[in-house]
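Colleague: Could you take me closely through one part of this model, the packing of its interior? Please explain each term as you go.

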Amino acid sequence: MKIAHWPLTGALMAAFLPAHAADSTAVYTKGGANPAVMACITCHGAEGEGMAAAGFPRLAGLPAGYMRKQLGDFASGARANPTMQPIAAALSAEEADAVTAMLADKPGPQVERVGRTSAVEGLGETLALRGAWERNIPECVACHGPSGVGVGDAFPPLAGQSAQYLASQLTAWRQGTRKNDPNDLMGHIARSLTDDEVKAVSAYFAGLTDQGAAR
């Protein structure tokens with residue numbers, strides 16, 4: 001007995017085929033499928049380089065896992081930001097995965113590695129490389145790596161971000177408007193810093209690259 005083999009219809013074929021991944025370039029340059037998702041390029045620059053004058057950070061070269069977590073935290077309100085909250089909440093999981101993977105693949109700034117054993121000069125460099133252990137403030141490079149180039153998904157790069165953006169995040173942790181770090185580590189550190197120390201350490205990391213210093 002012969003069994004007839006009928007051609008699959010378009011709808012039936014679609015049921016057996018994997019769903020298409022979200023178009024990362026379209027999400028970044030045009031926005032997501034939901035009209036509430038404005039284009040990332042509007043605030044973060046053509047290549048994810050950021051716009052410091054408006055307080056928007058560089059995204060190019062950041063770890064995908066770190067960016068994905070931040071989007072989740074914006075969406076849930078764990079990280080407060082009136083601009084990012086509705087955008088993150090409206091992104092689909094596929095769109096968020098696609099755009100963060102694309103940005104992670106973009107080149108980050110190149111910087112000479114400077115670690116905790118290097119000589120220090122000035123307040124910002126002292127905090128970055130030595131900390132202030134008398135106040136239980138560890139050196140920044142202990143978690144963020146030499147020159148603040150970042151370590152894994154939990155500790156993002158600092159080098160290459162603008163001083164304005166870095167200072168704004170330290171201020172947010174000090175004020176409690178940002179509190180999405182493990183065990184309140186950054187909250188403790190930020191609350192222990194003076195205004196002058198916030199400015200100095202932010203300027204230090206921004207000045208390690210042309211990108212950070214220029215934006």
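Modeller: In the largest nonpolar core, which has 21 residues, the members that touch the most others are Ala128, Leu129, Leu170, Leu193, Val201, Tyr204 and Phe205; a nonpolar core here is a set of buried Ala, Val, Leu, Ile, Met, Phe, Trp, Tyr and Cys residues joined through side-chain atoms within 4.5 Å, and buried means under 20% relative accessible area, exposed over 50% and partly exposed in between, with a 1.4 Å probe and protein chains only. At least two residues of this core come from each of α7 (123-129), α9 (163-175), α10 (185-192) and α11 (195-206), where helices (H or I, at least four residues) are DSSP runs numbered from the N terminus. The model is predicted, so local features need pLDDT of at least 70 and side-chain atom pairs count only at pLDDT 80 or more, while totals for chains, interfaces and linings use all residues. Residues are numbered from 1 along each chain as its sequence is written, and side-chain values use heavy atoms, with hydrogens and water left out.

Leaving aside residues up to four places away in sequence, Tyr204 touches Val114, Gly124, Glu125, Ala128 and Leu129, contact meaning heavy atoms within 4.5 Å. A second core, separate from this one, has 19 residues, including Val27, Met67, Phe74 and Ala90.

Helix α11 also holds Glu197, a residue that is buried, with a relative accessible area of 8%. Again not counting residues up to four places away in sequence, Glu197 touches Leu123, Leu127, Arg135 and Ser192.
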